[in-house]
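Take a look at the model below. Then follow the text through it, one part at a time.

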Amino acid sequence: MRLKQRPEDFSVTESWRFDEDPSGEWFVHLVDKQKLSTFEAAERIRAAAGVRDADLSYCGLKDKQGRTTQLVAVRGRAVALQAPELRTRLVGRCAAPLSAANITSNRFAVTVRDLAEEDVGRLPTAAAEVRRIGVVNYFDSQRFGSLKHGQGFLVKDLMRGDFEVALRNWLANPSELDHSGDAKVKAFWKAHWGEWERRNPHPGAERYDRVIGWLRRNPGDFLGAFLRTEPRWRALQVFAYQSWLWNEGVKQYLKDVVGPGHLLAIRYQAGTLLFPREVDPAAARDLRARTFPLLAPATAFPDARVRRAALSVLEREEMSLSDLRVEGAPQIHFDPEERPLLAFPGKLVVSEPRPDELNRGRVRVNVAFTLPPGAYATLVVKRLFWWTLAPGRRKERPAPRPRPPTPEERHEERRRTGFLARKRARREARRARP
């Protein structure tokens, strides 16, 4: 199974509402983007408008690897961008900044590629399970980009007091997967760590001016430098670790309530995820109504089973709830929040298979559905095709198409098998006769 082989293979449309105010100071734009994260799109809109970070707001974070539409509001002015990867259109004005509360749902259209006929044959059973049980509302791999790029959980470094390690992992640890100019910026600081008076010559280095400027004035204050990063980005680092704790706690809860024998495993960026295939009616009612907490020092546990499962993860991490803080940095904080345990895809439609024009000898299907805000469409698709992502499974691919011969190889082949070669062979055969 392959997702997002083309940007148009993954499309998401945000459904939203906001209170229209013709004299409101926030100008609301419908943004159509592809191959850009929400952060990257917001930065380009902010730069075009010439406003501060605080003068920009949006409803939620949308995937970089796909084509998405979402709302972005700019305080004080409208912005018109018409680049191939980023387009904006003014749709109204409002009196308050946008937030996740403005999203009503998201509609997804996903092309799933590189499938075998056997995969398509198993799909109806998996779709029936998803409609009946739902999908566990995990955070998917997109939430854990810092793991993908080798940075780890930066907030764990901060909680341990390893402020320089955290800053170095972010500022001077270029990812092997990053081929953008930002990797060159980070490679420069990796080679010249501590030499803050140097000028980084690579385009994009200005993004880090506030951090580097602080280090020039305060060379040993790595926590202070970290606090000069963009607040929403810092909050996302906290949320990434909270999300991993949530995933691990829910896995333990499912083992306790559903039982390991009724769970299937799927690989993802941070390990494996567990999903129920069979659930008795009582457990199904419990799961449907259940929320599970994002952990913070103030988290309360009305249910003993939830408490046991959640705290078991912190015990593995050799932490307690009170450890979820950064000494000397109240700006970096963990907030308690409840998240529904299950998500139910609405209006789930699966197309008939078609030949996959991008993968020879394979087929593709289109999957469409709606999800509430905060749920991951990629998890729905992975659950539908779970056997392709089972731990230990090696992906079976068709034999590669033979490379066409070069002109030199064709000439050599004709020399060996053509008319003159056959004539030479007959002549040599006559000579060999007694």
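The paragraphs below go from the core to the helices and then to two single residues. Keep in mind that this is a predicted model.

Start with the inside. The largest nonpolar core has 103 residues. Which of them touch the most other members? They are Y138, Y241, L324 and F385. One helix gives the most to this core: α9, which covers residues 231-257. Its share is eleven residues. Now pick out F385. Leaving out residues up to four places away in sequence, F385 touches M1, V112, L115, L123 and V365. Another core lies apart from the largest one. This other core has 14 residues, including A42, L56, V72 and L86.

Next, find helix α5, at residues 163-171. Which of its residues are buried? The answer is A166, L167, N169, W170 and L171. Other helices help to cover these buried residues. Among them are α4 (154-159), α6 (181-191), α7 (209-217) and α8 (222-226). Helix α9 is also part of the cover.

Stay with α9 and look at its partner α10, residues 281-289. The two helices pack with their axes 11 Å apart. The angle between them is about 160°. Angles over 145 degrees count as roughly antiparallel, so α9 and α10 are roughly antiparallel to each other. Their crossing is right-handed. Where do they meet? On the α9 side, the residues are Y253, L254 and V257. On the α10 side, they are A283, D286 and L287. By class, this contact has five nonpolar residues, one charged residue and no polar ones.

Now for two single residues. The first to find is K156, in helix α4. Is K156 buried or exposed? Its relative accessible area is 18%. Buried means under 20%, so K156 is buried. What does K156 contact, beyond its neighbours within four places in sequence? It is in contact with Y241, E317 and M319. You have met Y241 already, as one of the residues that touch the most other members of the largest nonpolar core.

The other residue is A187, in helix α6. Its relative accessible area is 35%. Partly exposed lies between under 20% and over 50%, so A187 is partly exposed. Finally, find N173. A187 and N173 are 14 residues apart along the chain. Their C-alpha atoms are separated by 6.9 Å.

Notes
Residues numbered from 1 in each chain as written. Predicted model: local features only at pLDDT ≥ 70, side-chain atom pairs only at ≥ 80, totals over all residues. Heavy atoms only, no water. Core = buried A, V, L, I, M, F, W, Y, C linked by side-chain atoms within 4.5 Å. Buried < 20%, exposed > 50% of the residue type's maximum accessible area, 1.4 Å probe, protein only. Helix = DSSP H or I, 4+ residues; strand = E, 2+ residues; numbered from the N terminus. Contact = heavy atoms within 4.5 Å. Axes fitted to C-alpha atoms, helices over the stretch in contact; angles between N-to-C directions. Parallel < 35°, antiparallel > 145°, perpendicular 65-115°, else oblique. Left-handed = near helix turned anticlockwise from the far one by under 90°. Nonpolar A, V, L, I, M, F, W, Y, C, P; charged D, E, K, R; others polar.
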